[in-house]
Amino acid sequence: MSIWWSLHLRREAASVPLARRFLLGTMETAGVDPDISFDLSLALSEACANAVEHGGDRTALGEPGDSGYGRPAADSGQYRVTAYLDGEKCRIEVSDSGPGFPARRALRPAAHSEQRPQHPQHPVPPGDAEAESGRGLDLIQQLSDHVQFGNRPGHGAVVRFDKVLKWREGALLTV
C-alpha cells in the first residue's frame, strides 16, 4: 500500500502550517517514526515558506505594449505540494510559478556544516548563522537523503526531496 496526495495552496503564510499538518497527519496515521516525520515536516515547511515568499514574482512574458507585459502570471498566487509515501521512502515536491532558481545556484558544501557543533534533532544549517534568509534550502538538504532543486521552463521553481522511512511497530505501510 502507498499514499499519494497533492495540495494546491495559496501563497499565504497560513498555508505553510496547513501543509505541514497535512503531512504530519498522514505520516502519523501510516505509522512513520516520529523523528523521520519531524525532519520531513521541517523540510516541507522550509520549501513551502520559500514558495510563499519567492514563488510568484514572475511576470507574464511579452514585450512592452503587449497586453500581458508586466502582469503577474495567472498562477502566481498559488503553489503545489505533492507527497508520496511507500514502503521505503517519502518523496515530497513543492513547485511554484515564480522566477525559479538562478541559473547557477551555488549550494554550500555539506562539509562546511561539520565545522560547527549540531544537536542531532536540530541541525544548524551551513552558512552565516546571523543571516536573515537563505538557509532554508541548506536545511532541506540536511534533513533529507536526496534533494533536487530545479526550474520548470516558464513555470517556476521546483524542490524535490526524499527520505528513507522508518516505521513504528505495527505500522500500516511497512515494507
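## A tour from salt bridge to sheet

Select R168 and E28: the two form a salt bridge, with the closest N and O atoms 3.5 Å apart. This pair links distant parts of the chain. R168 sits in the segment after β5, while E28 belongs to helix α1, residues 15-30. The separation along the chain is 140 residues. Colour both by accessibility. R168 is partly exposed at 32%. E28 is also partly exposed, at 48%. Keep in mind throughout that this is a predicted model.

**Stop 1: the sheet**

Switch to cartoon and show the strands. Five of them form an open sheet. Read across it in the order β1-β2-β3-β5-β4. The pairing is antiparallel. Which strands lie at the edges? They are β1, residues 3-10, and β4, residues 146-152. Each of these two pairs on one side only. Look along the sheet for its twist: the average is 10° from one strand to the next.

Now select residues 89-95 and 156-164. These are β3 and β5, and seven bridges join them. The two strands run antiparallel. For a single rung, pick E93 in this region and find its bridge partner in β5, R160.

**Stop 2: the helix on the sheet**

Add residues 34-54. This is helix α2, and it packs on the sheet. It touches β2 (78-85), β3 and β5. Compare directions: α2 makes about 175° with β5.

Within α2, select S41. Is S41 buried or exposed? Its relative accessibility is 4%, so it counts as buried. What does S41 touch, once neighbours within four places in sequence are set aside? The contacts are R20, L23 and L24. Then draw a distance from S41 to L143. Their C-alpha atoms are separated by 9.6 Å, although the residues are 102 apart along the chain.

**Stop 3: charges across β3 and β5**

Return to the two joined strands and show side chains. D162 and R91 form a salt bridge, with the closest N and O atoms 2.7 Å apart. D162 lies in strand β5 and R91 in strand β3, 71 residues apart. The partners differ in burial class: D162 is buried at 7%, whereas R91 is partly exposed at 33%. Add K89 to the selection. K89, R91 and D162 are linked in a network of salt bridges.

Next go to R10 and E12. Their side chains meet in a salt bridge at 3.9 Å, N to O. R10 counts as exposed because its relative accessibility is 59%. E12, at 41%, counts as partly exposed. How many salt bridges does a search of the whole structure find? It finds six.

**Stop 4: aromatic pairs**

Show the aromatic side chains. The whole structure holds two aromatic pairs. Begin with W5 and F22. Their ring centres are 4.7 Å apart and the planes stand at 70°, so this pair is edge-to-face. W5 is in strand β1 and F22 in helix α1, so the pair ties together parts that are 17 residues apart in sequence. W5 is buried at 8%. F22 is partly exposed at 37%.

Move on to F101 and F149. This pair is edge-to-face too: 5.7 Å from centre to centre, with 75° between the planes. Where do the two residues lie? F101 is in the loop between β3 and α3 (136-143), and F149 is in strand β4. The pair therefore ties together parts that are 48 residues apart in sequence. F101 has a relative accessible area of 17%, which makes it buried. F149, at 21%, is partly exposed. The cut-off for buried is under 20%, so these two values fall on either side of it.

**Stop 5: cysteines**

Finish with C48 and C90. C48 is buried, with a relative accessible area of 0%. C90 is buried as well, also at 0%. How many disulfides turn up in a search of the whole structure? The count is zero.

Notes:
Residues numbered from 1 in each chain as written. Predicted model: local features only at pLDDT ≥ 70, side-chain atom pairs only at ≥ 80, totals over all residues. Heavy atoms only, no water. Pairing = 2+ DSSP bridges. Helix = DSSP H or I, 4+ residues; strand = E, 2+ residues; numbered from the N terminus. Axes fitted to C-alpha atoms, helices over the stretch in contact; angles between N-to-C directions. Contact = heavy atoms within 4.5 Å. Buried < 20%, exposed > 50% of the residue type's maximum accessible area, 1.4 Å probe, protein only. Disulfide = S-S within 2.5 Å. Salt bridge = Lys/Arg side-chain N within 4 Å of Asp/Glu carboxyl O. Phe/Tyr/Trp six-rings, centres within 6.5 Å; stacked < 30°, edge-to-face > 60°.
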